[in-house]
Amino acid sequence: MSPSVAESAAGRGRGALPIYPRFADRAALEAHQLDALNALLARLMDNPFYAPRLRAAGLDAGATALADLRRLPTTDKADLVDDQRRHPPFGSNRSVPTSAFVRLHQTSGTSGRPLRWLDTAEDWTWMLRSWGEIFRAAGLTPGDRVFFPFSFGPFLAFWAAFDAASAYGCLAVPGGAMRSDARLAMMRAIGATAVCCTPTYALHLAEQMAASADVQDHHHAVRTLIVAGEPGGCVPAVRQRIAEGWSGPDAAADDAVRVIDHHGMTEVGPVSVADPARPDRLRLLEAAYLCEVIDPDDGAPIDAPGAIGELVLTPLGRVGMPLVRYRTGDLVRFAAPLPDDGPERHLDGGILSRVDDMLVVRGVNVYPAAVDRVVRATAGRAEYRVRVRRDGAMTEIAIDVEASPQATAVEADALAGQVEAALRRAFNLRMPTRALPHASLPRFEVKARRWRLA
């Protein structure tokens with residue numbers, strides 16, 4: 001942030017969102033979590049969805065230890081979809097009267113029927129506070145100018161991040177209903193210092209800048225990109241490409257744009273944020289969440305670092321429409337703790353994939369996020385697409401990759417060969433790969449949909 005912006009912010013007396021408490025050690029954090037959990041459970045005894053579950057698990061009088069929560073069955077999206085189907089339009093999972101809610105959001109529905117989610121004013125404030133943790137981790141300060149280059153719809157993240165930026169003391173700038181070139185022009189005109197978007201759209205905007213004949217395209221004030229919504233921010237090759245594309249060809253290392261990953265869900269809110277010093281990991285906001293990792297098949301707890309399992313979350317401050325032991329469908333692994341990590345745990349590599357995204361190809365488990373990591377690590381391509389073909393019980397995968405605008409036909413074919421060889425090394429599978437002309441594949445403003453049934 002420029003000195004003039006910082007001075008202006010100080011002069012207006014704008015303040016940041018309250019900071020979550022900091023804990024000396026893991027024991028102090030878990031004591032806080034247990035108090036918050038019992039406060040949550042006490043408020044759920046009038047909730048038609050959760051009260052019977054709590055009584056059956058013997059938790060109607062509260063928990064004496066965090067481990068007691070494991071007596072309660074997990075909740076998954078199918079449970080919630082069925083509840084909203086049987087009790088339209090919002091389901092029975094409500095701890096307060098419907099008239100107490102002030103916000104309505106909805107999941108994308110990309111993996112099935114969308115869920116409607118309600119928040120009280122109290123819950124919304126709790127959510128913004130979690131977003132404040134993300135802004136702090138990203139290095140933002142009151143007075144930064146944060147640009148949001150997407151059309152606002154019913155999804156939670158857009159609205160929560162936008163409101164949080166304003167409450168944090170930043171200038172929050174909406175960028176909906178605009179072409180990419182118009183968004184870039186507006187960022188330059190207002191001196192935007194930070195941008196919130198998906199990794200894919202950050203790459204697309206960088207591509208737009210590189211293709212522009214206007215030398216001003218790289219003369220912008222953006223110093224931080226906060227990305228989410230899909231794998232990428234924790235993938236070194238993707239993060240490097242974004243930083244290089246936004247920093248400009250002549251930028252010194254100290255002037256490089258920072259790329260900060262985070263993740264969250266409509267049902268739970270913002271959950272984690274990357275540590276700028278170790279951007280390949282996500283720090284869990286454990287002052288606000290109980291976080292578990294379980295075996296997706298049998299539900300057994302997985303506590304050892306390095307073992308992959310499904311992330312299960314209990315938001316401790318979202319009471320009106322709560323979730324207790326919610327199966328997110330995200331595959332993660334706890335990172336081995338480092339001396340300066342503090343009491344909160346980290347996810348190594350961020351969100352590795354989705355439980356329901358796995359394909360079995362000739363006996364090999366293939367996750368889209370793993371394919372993305374391999375393709376993205378191969379230099380020279382702009383976009384790619386995966387074609388999935390099912391022939392009876394057999395599943396086959398083929399890849400389309402775009403070459404750079406300057407690539408010759410020979411160079412494009414060589415690129416396809418490099419990607420195919422890298423995929424074979426990673427998966428011990430042949431995934432036929434072909435090169436396509438530059439700009440022949442779609443660009444995505446929000447979550448990319450690169451996997452298609454052929």
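**Sheets, helix packing and cores of the predicted model**

Eight strands form an open sheet of mixed pairing, arranged in the order β4-β3-β5-β6-β7-β8-β9-β13. Strands β4 (171-174) and β13 (346-348) occupy the edges of this sheet; each has a single partner strand, so one side of each is left without a neighbour in the sheet. From one strand to the next, the twist averages 30°. The structure described here is a predicted model, and local features are reported where pLDDT is at least 70.

At the β4 edge, strand β3 (residues 145-148) is joined to β4 by 4 bridges, and the two strands run parallel. Within this pairing, V146 of β3 has A172 of β4 as its bridge partner. Helix α6 (residues 156-168) packs on the sheet and touches β3, β4, β7 and β8. The direction of α6 makes about 150° with that of β4. A further helix, α5 (residues 121-137), lies across β5 (194-197), β6 (224-227), β7 (258-265), β8 (269-275) and β9 (278-284). Relative to β8, helix α5 runs at about 10°.

A second open sheet comprises 4 strands in the order β10-β11-β12-β14, with antiparallel pairing. Its edge strands are β10 (289-294) and β14, each of which pairs on one side only. Strands β10 and β11 run antiparallel and are joined by 6 bridges. In this arrangement, I294 stands opposite E310 of β11. The edge strand β14 (residues 353-354) includes S353. With a relative accessible area of 6%, S353 is buried. Leaving aside neighbours within four places in sequence, S353 is in contact with G329, D330 and L331, and also with Y367, P368 and A369.

Packing between helices was examined for α8 and α9. Two packed helices are described by the angle between their axes and the distance between the axes. For helix α8 (residues 199-211) and helix α9 (residues 236-247), the angle is about 35° and the axes lie 9 Å apart. The crossing of α8 past α9 is left-handed. Helix α8 contributes P199, A202, L203, L205, A206 and M209 to the contact, while α9 contributes V238, R241, I242, G245 and W246. By residue class, the contact of α8 with α9 divides into 9 nonpolar residues, 1 polar and 1 charged.

In soluble globular proteins, nonpolar side chains tend to be buried together. The largest nonpolar core of the model has 82 residues, and those with the most contacts inside it are F135, L140, V146, F148, V268 and Y289. Of these residues, V146 is the bridge partner of A172 in β4, as described above. Apart from residues up to four places away in sequence, V268 touches W126, Y289, L313, P315, R318, L323 and Y326. Another core, of 23 residues, lies apart from the largest one and includes F147, I242, A243 and V259. One of these residues, I242, also takes part in the contact between α8 and α9.

Several backbone features were also identified. Most residues other than glycine have a negative phi, and most peptide bonds are trans. A cis peptide bond, with omega of about 0°, joins P88 and P89. The second of these prolines, P89, is placed in the loop between α4 (77-86) and β1 (101-106). A positive phi of about 55° occurs at A177, although this residue is not a glycine. A177 lies in the loop between β4 and α7 (180-190), and its relative accessibility of 77% means that A177 counts as exposed. R325, likewise not a glycine, has a positive phi of about 55°. The place of R325 is in the loop between β11 (308-315) and β12 (326-333). At 6% relative accessibility, however, R325 counts as buried.

Towards the C-terminal part of the sequence, V364 belongs to strand β16 (residues 364-366). V364 is partly exposed, having a relative accessible area of 24%. Not counting residues up to four places away in sequence, V364 touches L359, F427 and L429. Between V364 and T314, which are 50 residues apart along the chain, the C-alpha atoms are separated by 33 Å.

Methods: Residues numbered from 1 in each chain as written. Predicted model: local features only at pLDDT ≥ 70, side-chain atom pairs only at ≥ 80, totals over all residues. Heavy atoms only, no water. Pairing = 2+ DSSP bridges. Axes fitted to C-alpha atoms, helices over the stretch in contact; angles between N-to-C directions. Contact = heavy atoms within 4.5 Å. Left-handed = near helix turned anticlockwise from the far one by under 90°. Nonpolar A, V, L, I, M, F, W, Y, C, P; charged D, E, K, R; others polar. Core = buried A, V, L, I, M, F, W, Y, C linked by side-chain atoms within 4.5 Å. Buried < 20%, exposed > 50% of the residue type's maximum accessible area, 1.4 Å probe, protein only.
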